[in-house]
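Me: I am new to this structure. Please pick one part and take me through it closely.

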Amino acid sequence: MPDGYTINDAASFWGAPEEKIFPLPVVAEALGISRNDIGKLPIRRLTIDKRGAYRKADVTGFMADSAKRHLLDELQAKRARRIAPLIEAEMRDYFARRHQAELKYEMGYYHRELDVAPWPLDDDGMELLRNLKAAASTLESYGRKPPEPTVGAWWTIADESLREKAHRERYLALLRDDLEHMNTASGANDASMRQEIEREIEKLQQYTI
(Lines give C-alpha, C1' and ligand atoms only; values in the text may rest on other atoms or scores of the structure.)
Protein backbone atom coordinates (compact mmCIF):
# COMPACT_ATOMS: atom_id res chain seq x y z
CA MET A 1 0.00 0.00 0.00
CA PRO A 2 1.33 3.48 -0.85
CA ASP A 3 2.16 5.90 1.94
CA GLY A 4 0.17 9.04 2.65
CA TYR A 5 2.66 11.35 0.93
CA THR A 6 2.47 9.38 -2.30
CA ILE A 7 -1.33 9.37 -2.20
CA ASN A 8 -1.46 13.13 -1.60
CA ASP A 9 0.97 13.85 -4.45
CA ALA A 10 -0.94 11.52 -6.78
CA ALA A 11 -4.14 13.45 -6.06
CA SER A 12 -2.50 16.59 -7.45
CA PHE A 13 -1.13 14.88 -10.57
CA TRP A 14 -4.01 15.52 -12.97
CA GLY A 15 -4.27 19.19 -12.08
CA ALA A 16 -0.54 19.84 -12.49
CA PRO A 17 1.06 21.55 -15.55
CA GLU A 18 1.81 19.23 -18.47
CA GLU A 19 5.56 19.75 -18.18
CA LYS A 20 5.78 18.86 -14.49
CA ILE A 21 7.82 15.76 -13.66
CA PHE A 22 6.62 13.29 -11.01
CA PRO A 23 8.37 10.34 -9.31
CA LEU A 24 7.44 6.87 -10.54
CA PRO A 25 5.46 5.87 -7.40
CA VAL A 26 3.30 8.99 -7.66
CA VAL A 27 2.49 8.38 -11.34
CA ALA A 28 1.68 4.73 -10.66
CA GLU A 29 -0.70 5.73 -7.90
CA ALA A 30 -2.31 8.40 -10.12
CA LEU A 31 -2.88 5.77 -12.82
CA GLY A 32 -4.20 3.25 -10.28
CA ILE A 33 -1.63 0.57 -11.01
CA SER A 34 1.28 -1.11 -9.24
CA ARG A 35 4.61 0.70 -9.40
CA ASN A 36 6.11 -2.59 -10.60
CA ASP A 37 3.74 -2.62 -13.58
CA ILE A 38 4.15 0.93 -14.82
CA GLY A 39 7.15 -0.15 -16.92
CA LYS A 40 4.78 -2.27 -18.99
CA LEU A 41 3.13 0.85 -20.36
CA PRO A 42 4.65 2.55 -23.44
CA ILE A 43 5.40 5.82 -21.63
CA ARG A 44 8.82 7.47 -21.84
CA ARG A 45 10.62 7.03 -18.56
CA LEU A 46 13.09 9.55 -17.19
CA THR A 47 15.88 8.93 -14.69
CA ILE A 48 16.53 11.66 -12.14
CA ASP A 49 19.00 11.05 -9.32
CA LYS A 50 18.97 7.36 -10.28
CA ARG A 51 15.21 7.20 -9.71
CA GLY A 52 12.46 6.66 -12.24
CA ALA A 53 10.22 9.61 -13.10
CA TYR A 54 7.64 10.64 -15.68
CA ARG A 55 6.62 13.91 -17.31
CA LYS A 56 2.88 14.46 -17.09
CA ALA A 57 2.63 15.31 -20.80
CA ASP A 58 4.02 11.85 -21.70
CA VAL A 59 1.43 10.20 -19.44
CA THR A 60 -1.51 12.18 -20.84
CA GLY A 61 -0.23 11.50 -24.36
CA PHE A 62 -0.42 7.79 -23.67
CA MET A 63 -3.89 8.21 -22.16
CA ALA A 64 -5.08 9.91 -25.36
CA ASP A 65 -4.11 6.87 -27.45
CA SER A 66 -7.27 4.77 -27.28
CA ALA A 67 -5.57 1.87 -29.02
CA LYS A 68 -3.26 1.40 -26.03
CA ARG A 69 -5.67 2.14 -23.19
CA HIS A 70 -6.53 -1.56 -22.83
CA LEU A 71 -3.06 -2.06 -21.32
CA LEU A 72 -3.87 0.37 -18.54
CA ASP A 73 -7.29 -1.19 -17.97
CA GLU A 74 -5.71 -4.61 -17.52
CA LEU A 75 -3.11 -3.34 -15.07
CA GLN A 76 -5.72 -1.39 -13.08
CA ALA A 77 -7.87 -4.51 -12.77
CA LYS A 78 -4.81 -6.51 -11.69
CA ARG A 79 -4.00 -4.02 -8.93
CA ALA A 80 -7.62 -3.87 -7.79
CA ARG A 81 -7.67 -7.66 -7.36
CA ARG A 82 -4.43 -7.53 -5.40
CA ILE A 83 -5.27 -4.72 -3.00
CA ALA A 84 -8.94 -5.57 -2.40
CA PRO A 85 -8.10 -8.11 0.37
CA LEU A 86 -5.65 -5.62 1.92
CA ILE A 87 -8.26 -2.87 1.99
CA GLU A 88 -10.82 -5.26 3.45
CA ALA A 89 -8.38 -6.32 6.18
CA GLU A 90 -7.59 -2.69 7.02
CA MET A 91 -11.30 -1.90 7.27
CA ARG A 92 -11.85 -4.88 9.58
CA ASP A 93 -8.96 -3.75 11.77
CA TYR A 94 -10.28 -0.18 11.86
CA PHE A 95 -13.79 -1.16 12.89
CA ALA A 96 -12.45 -3.69 15.39
CA ARG A 97 -10.30 -0.99 17.04
CA ARG A 98 -13.22 1.43 17.08
CA HIS A 99 -15.50 -1.23 18.60
CA GLN A 100 -12.93 -1.96 21.29
CA ALA A 101 -12.70 1.74 22.18
CA GLU A 102 -16.50 1.95 22.37
CA LEU A 103 -16.66 -1.11 24.62
CA LYS A 104 -14.06 0.34 26.98
CA TYR A 105 -15.99 3.61 27.15
CA GLU A 106 -19.23 1.71 27.85
CA MET A 107 -17.59 -0.31 30.60
CA GLY A 108 -16.36 2.88 32.23
CA TYR A 109 -19.95 4.15 32.21
CA TYR A 110 -21.26 0.89 33.71
CA HIS A 111 -18.62 1.03 36.46
CA ARG A 112 -19.59 4.60 37.38
CA GLU A 113 -23.30 3.79 37.43
CA LEU A 114 -22.86 0.66 39.52
CA ASP A 115 -20.69 2.56 41.99
CA VAL A 116 -23.69 4.73 42.90
CA ALA A 117 -26.41 2.12 42.36
CA PRO A 118 -29.01 1.78 45.17
CA TRP A 119 -29.04 -1.33 47.33
CA PRO A 120 -30.52 -3.78 46.63
CA LEU A 121 -30.15 -3.66 42.87
CA ASP A 122 -33.31 -2.95 40.90
CA ASP A 123 -34.01 -4.07 37.34
CA ASP A 124 -31.92 -1.24 35.92
CA GLY A 125 -28.98 -2.24 38.08
CA MET A 126 -29.25 -5.86 37.03
CA GLU A 127 -29.25 -4.76 33.40
CA LEU A 128 -26.07 -2.75 34.05
CA LEU A 129 -24.40 -5.88 35.36
CA ARG A 130 -25.50 -7.91 32.32
CA ASN A 131 -24.27 -5.23 29.93
CA LEU A 132 -20.96 -5.00 31.78
CA LYS A 133 -20.44 -8.74 31.57
CA ALA A 134 -21.30 -8.80 27.86
CA ALA A 135 -18.93 -5.92 27.08
CA ALA A 136 -16.10 -7.58 29.00
CA SER A 137 -16.69 -10.88 27.19
CA THR A 138 -16.61 -9.16 23.80
CA LEU A 139 -13.38 -7.34 24.65
CA GLU A 140 -11.79 -10.61 25.72
CA SER A 141 -12.83 -12.15 22.39
CA TYR A 142 -10.66 -9.48 20.74
CA GLY A 143 -7.79 -10.54 22.96
CA ARG A 144 -8.05 -7.33 24.99
CA LYS A 145 -8.11 -7.00 28.77
CA PRO A 146 -11.22 -5.19 30.06
CA PRO A 147 -10.55 -1.97 31.99
CA GLU A 148 -10.40 -2.36 35.75
CA PRO A 149 -12.95 -0.54 37.89
CA THR A 150 -12.01 1.69 40.78
CA VAL A 151 -10.69 0.12 43.97
CA GLY A 152 -13.47 -1.21 46.17
CA ALA A 153 -15.90 -2.03 43.35
CA TRP A 154 -18.45 -4.19 45.14
CA TRP A 155 -19.74 -5.81 41.92
CA THR A 156 -16.40 -7.55 41.35
CA ILE A 157 -16.59 -9.58 44.56
CA ALA A 158 -17.17 -13.25 43.77
CA ASP A 159 -18.80 -14.27 47.05
CA GLU A 160 -22.49 -13.29 46.88
CA SER A 161 -22.86 -12.58 50.60
CA LEU A 162 -19.74 -10.42 50.74
CA ARG A 163 -20.79 -8.69 47.52
CA GLU A 164 -24.20 -7.78 48.94
CA LYS A 165 -22.62 -6.53 52.15
CA ALA A 166 -20.09 -4.38 50.30
CA HIS A 167 -22.83 -2.95 48.09
CA ARG A 168 -25.01 -2.09 51.07
CA GLU A 169 -22.10 -0.39 52.84
CA ARG A 170 -21.25 1.58 49.73
CA TYR A 171 -24.83 2.78 49.33
CA LEU A 172 -25.00 3.71 53.02
CA ALA A 173 -21.83 5.75 52.61
CA LEU A 174 -23.38 7.60 49.66
CA LEU A 175 -26.54 8.36 51.62
CA ARG A 176 -24.51 9.64 54.58
CA ASP A 177 -22.50 11.85 52.22
CA ASP A 178 -25.74 13.25 50.79
CA LEU A 179 -27.07 13.90 54.29
CA GLU A 180 -23.87 15.61 55.40
CA HIS A 181 -23.91 17.77 52.29
CA MET A 182 -27.50 18.79 52.93
CA ASN A 183 -26.71 19.67 56.53
CA THR A 184 -23.71 21.81 55.63
CA ALA A 185 -24.48 23.24 52.20
CA SER A 186 -25.67 26.81 52.09
CA GLY A 187 -29.38 27.00 51.34
CA ALA A 188 -30.00 23.25 51.71
CA ASN A 189 -33.10 23.46 53.87
CA ASP A 190 -35.26 20.71 52.39
CA ALA A 191 -36.30 19.02 55.63
CA SER A 192 -38.50 16.43 53.92
CA MET A 193 -35.63 15.20 51.79
CA ARG A 194 -33.32 14.99 54.79
CA GLN A 195 -35.91 12.96 56.64
CA GLU A 196 -36.33 10.64 53.67
CA ILE A 197 -32.58 10.02 53.55
CA GLU A 198 -32.45 9.48 57.29
CA ARG A 199 -35.28 6.92 57.08
CA GLU A 200 -33.47 5.12 54.24
CA ILE A 201 -30.26 4.99 56.28
CA GLU A 202 -32.10 3.67 59.32
CA LYS A 203 -33.83 1.02 57.24
CA LEU A 204 -30.59 -0.18 55.66
CA GLN A 205 -28.84 -0.33 59.02
CA GLN A 206 -31.40 -2.90 60.20
CA TYR A 207 -30.33 -5.45 57.59
CA THR A 208 -27.86 -8.09 58.60
CA ILE A 209 -25.96 -9.80 55.80
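Reply: Relative accessible area sorts residues into three groups: buried is under 20%, exposed is over 50%, and partly exposed lies in between (1.4 Å probe, protein chains only). The model is predicted, so local features need pLDDT of at least 70 and side-chain atom pairs pLDDT 80 or more, while totals for chains, interfaces and linings use all residues. Residues are numbered from 1 along each chain as its sequence is written, and side-chain values use heavy atoms, without hydrogens and water.

Start on the way into the sheet. Ser12 sits in the loop that links helix H1 (4–11) to strand S1. Helices (H or I, at least four residues) and strands (E, at least two) are DSSP runs, numbered from the N terminus. Ser12 is partly exposed, because its relative accessibility is 37%. Along the chain, Ser12 and Ala30 are 18 residues apart. In space, their C-alpha atoms are separated by 8.6 Å.

Now the sheet itself. It is open and has 3 strands. Their order is S1-S3-S2, and the pairing is antiparallel. Two strands pair if DSSP finds at least two bridges between them. S1 (21–23) and S2 (46–48) are the edge strands. Each of these edge strands pairs on one side only. From one strand to the next, the twist averages 45°. Axes are fitted to C-alpha atoms (for helices, over the stretch in contact), with angles from 0 to 180 degrees between N-to-C directions.

Take the S1 side. S1 and S3 (residues 51–55) run antiparallel, joined by 3 bridges. Phe22 has Tyr54 of S3 as its bridge partner. Pro23 faces Ala53, also in S3.

Next, the S2 side. S2 and S3 are antiparallel here too, and 3 bridges hold the pair together. Ile48 is bridged to Arg51 in S3. These two strands make a hairpin with 2 residues between them. In that turn, Asp49 has a positive phi of about 55°.

What about the surroundings of S3? S3 is largely enclosed by the rest of the structure, because 4 of its 5 residues are buried. A helix also covers part of the sheet. Helix H2 (residues 24–31) lies across both S1 and S3, where contact means heavy atoms within 4.5 Å. H2 runs at about 90° to S1.

To put the part together: S3 stands between S1 and S2 in the strand order. S1 is joined to S3 by 3 bridges, and S2 is joined to S3 by 3 bridges. H2 lies across S1 and S3, and the loop with Ser12 leads from H1 to S1.
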